[in-house]
Amino acid sequence: MSEKSPGARPEIQVKGLHKSFGDNEVLKGIDLEIGQGEVVCVIGPSGSGKSTLLRCVNLLEDPTKGQVFVGGTELTDPDVDIDAVRRRIGMVFQQFNLFPHLTVTENLTLPQRRVLRRGKAQAAGVAAENLRRVGLAEKADAYPSSLSGGQQQRVAIARALSMGPEVMLFDEPTSALDPELVGDVLAVMRMLANEGMTMMVVTHEMTFAREVADRVVFMDGGVIVEDGTPEQVIGNPRHERTRHFLSRLLDPAMADVEEETSDQVGGGEPKSD
Ligand SMILES: Nc1ncnc2c1ncn2[C@@H]1O[C@H](COP(=O)(O)OP(=O)(O)OP(=O)(O)O)[C@@H](O)[C@H]1O
Ligand SMILES: [Mg+2]
């Protein structure tokens with residue numbers, strides 16, 4: 001973890017963000033600033049709005065209300081060239097979404113050529129450099145189906161990096177992976193963090209959050225409940241909701257016991273087994 005100079009301009013800024021799907025208000029007023037080079041991990045229970053928040057930050061979802069700025073440009077300004085701004089934002093999903101009929105290199109060169117209009121040689125050069133960065137130079141001509149999930153995810157990261165983004169958004173990048181493949185992907189993310197990439201990472205990897213994040217944001221029910229250093233939010237949470245979430249995450253068996261107990265206290269049907 002590196003100290004960030006105070007007053008560095010926010011690279012990502014979210015102001016009063018609301019998002020509803022029909023009657024379902026999923027984000028209920030989010031305010032968040034992420035400085036240049038800062039790494040922020042977003043944690044929280046399923047359905048709390050983590051993915052929706054991330055998707056609003058690159059306008060894959062249209063906010064119902066509020067503003068989003070990236071690198072000082074307002075994405076929510078109706079006159080903004082959204083395609084131009086999106087090029088500055090790399091996104092990595094749980095599912096790698098590689099084209100199965102294209103080689104690794106072709107997966108990396110296609111968006112560069114289509115979106116950035118790079119020539120063949122330049123795109124191939126950038127692809128090779130980014131494959132090297134994620135430790136997969138030798139897989140340049142392989143097809144995705146011949147790679148492990150962890151390797152495919154590293155290709156997806158290299159693909160995003162090949163577009164030269166200013167910020168990277170990750171939505172549970174290791175959740176679909178077998179446990180033994182998680183470490184290699186986290187190592188690549190750690191490298192990016194050390195290089196000074198601005199990163200917003202939705203993850204359940206608490207060790208990663210503790211070691212790499214500058215800040216941890218805990219979301220529940222469409223609001224930010226807690227925002228602080230990893231030591232504070234994970235190590236010494238101020239709110240009961242954060243404590244409950246973390247205890248469930250760290251010891252799911254314990255949380256079940258807690259829940260059964262509170263069910264009975266609450267007068268629910270006693271379990272008959
Ligand atoms: N496109 C959509 N249309 C309708 N409802 C949606 C849509 N996307 C998300 N939602 C709803 O918004 C709420 C928050 O979803 P979101 O995916 O942001 O949660 P999450 O915190 O990422 O959860 P998880 O940990 O399971 O990924 C959920 O109730 C979900 O059903
Ligand atoms: Mg999600």
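**Close-up views of a predicted model**

Glu-240 is exposed, with a relative accessible area of 52%, in a model that is predicted.

**Figure 1. A salt bridge within helix H9 joins Arg-243 and Glu-240.** The closest N and O atoms of Arg-243 and Glu-240 are 3.4 Å apart. Both residues lie in helix H9 (residues 240-250), where a spacing of 3 residues puts about one helical turn between them. An α-helix has 3.6 residues a turn, so residues three or four places apart point the same way. Arg-243 is partly exposed at 38% relative accessibility, whereas Glu-240 is exposed at 52%.

**Figure 2. Arg-86 and Asp-83 form a salt bridge in helix H2.** Here the closest N and O atoms are 3.8 Å apart. The two residues are 3 apart in helix H2 (residues 82-86), or about one helical turn. Arg-86 counts as partly exposed, with 29% relative accessibility. Asp-83 is also partly exposed, with a relative accessible area of 44%.

**Figure 3. A salt bridge links strands E9 and E10 through Arg-215 and Asp-227.** The N to O distance in this pair is 3.0 Å. Arg-215 belongs to strand E9 (residues 215-220) and Asp-227 to strand E10 (residues 223-228), so the bridge ties together parts that are 12 residues apart in sequence. Arg-215 is buried because its relative accessible area is 14%, under the 20% limit. Asp-227, at 35%, is partly exposed. Glu-38 joins Arg-215 and Asp-227 in one network of salt bridges with shared partners. The structure holds 11 salt bridges.

**Figure 4. Twelve listed residues surround ligand 1, from Phe-21 to Glu-172.** Among them are Asn-24, Val-26, Pro-45, Gly-47, Gly-49 and Thr-52. Which side chains place an N or O atom 2.7 Å or 2.8 Å from an oxygen atom of ligand 1? The side chain of Lys-50 does so at 2.7 Å, and that of Ser-51 at 2.8 Å. A polar side-chain atom of Ser-46 lies 2.6 Å from a ligand oxygen. Taken alone, ligand 1 exposes 630 Å², and the protein buries 59% of that. Strand E2 (24-35) and helix H1 each give two or more residues to the shell. The largest share, 3 residues, comes from H1. Sorted by class, the shell has 3 nonpolar, 7 polar and 2 charged residues.

**Figure 5. Helix H1 is mostly covered.** This helix spans residues 50-57, and 6 of its 8 residues are buried. The buried residues are Lys-50, Thr-52, Leu-53, Leu-54, Cys-56 and Val-57. Just after H1, Leu-59 has a positive phi of about 60 degrees.

**Figure 6. Gln-152 is a buried residue of helix H5.** Helix H5 covers residues 149-161. The relative accessible area of Gln-152 is 16%. Its side chain reaches the backbone oxygen of Pro-144 at 3.3 Å. Leaving aside neighbours within four places in sequence, Gln-152 is in contact with Phe-96, Leu-98, Pro-144 and Leu-147.

**Figure 7. Pro-173 is buried in a loop between strand E7 and helix H6.** The loop follows E7 (167-171) and leads to H6 (179-194). Pro-173 has 1% relative accessibility. Not counting residues up to four places away in sequence, Pro-173 touches Val-92, Phe-93, Gln-153, Met-189 and Val-202. The C-alpha atoms of Pro-173 and Gln-94 are separated by 4.5 Å, although the two residues are 79 apart along the chain.

Note on methods:
Residues are numbered from 1 along each chain as its sequence is written. Chains are lettered from A and ligands numbered from 1 in the order in which they are written. This is a predicted model: local features need pLDDT of at least 70, side-chain atom pairs count only at pLDDT 80 or more; totals for chains, interfaces and linings use all residues. Side-chain values use heavy atoms; hydrogens and water are left out. Helices (H or I, at least four residues) and strands (E, at least two) are DSSP runs, numbered from the N terminus. Buried means under 20% relative accessible area, exposed over 50%, partly exposed in between (1.4 Å probe, protein chains only). A polar contact is a pair of N or O atoms within 3.5 Å; within protein, one must be able to donate a hydrogen and the other to accept it, and residues adjacent in sequence count only if both atoms are side-chain atoms. Contact means heavy atoms within 4.5 Å. A residue is near a molecule or strand if one of its heavy atoms lies within 4 Å of it. Accessible areas come from the Shrake-Rupley method with a 1.4 Å probe; for residues, only the protein chains shown count as cover. Ala, Val, Leu, Ile, Met, Phe, Trp, Tyr, Cys and Pro count as nonpolar, Asp, Glu, Lys and Arg as charged, and the others, Gly among them, as polar. A salt bridge is a side-chain nitrogen of Lys or Arg within 4 Å of a carboxyl oxygen of Asp or Glu.
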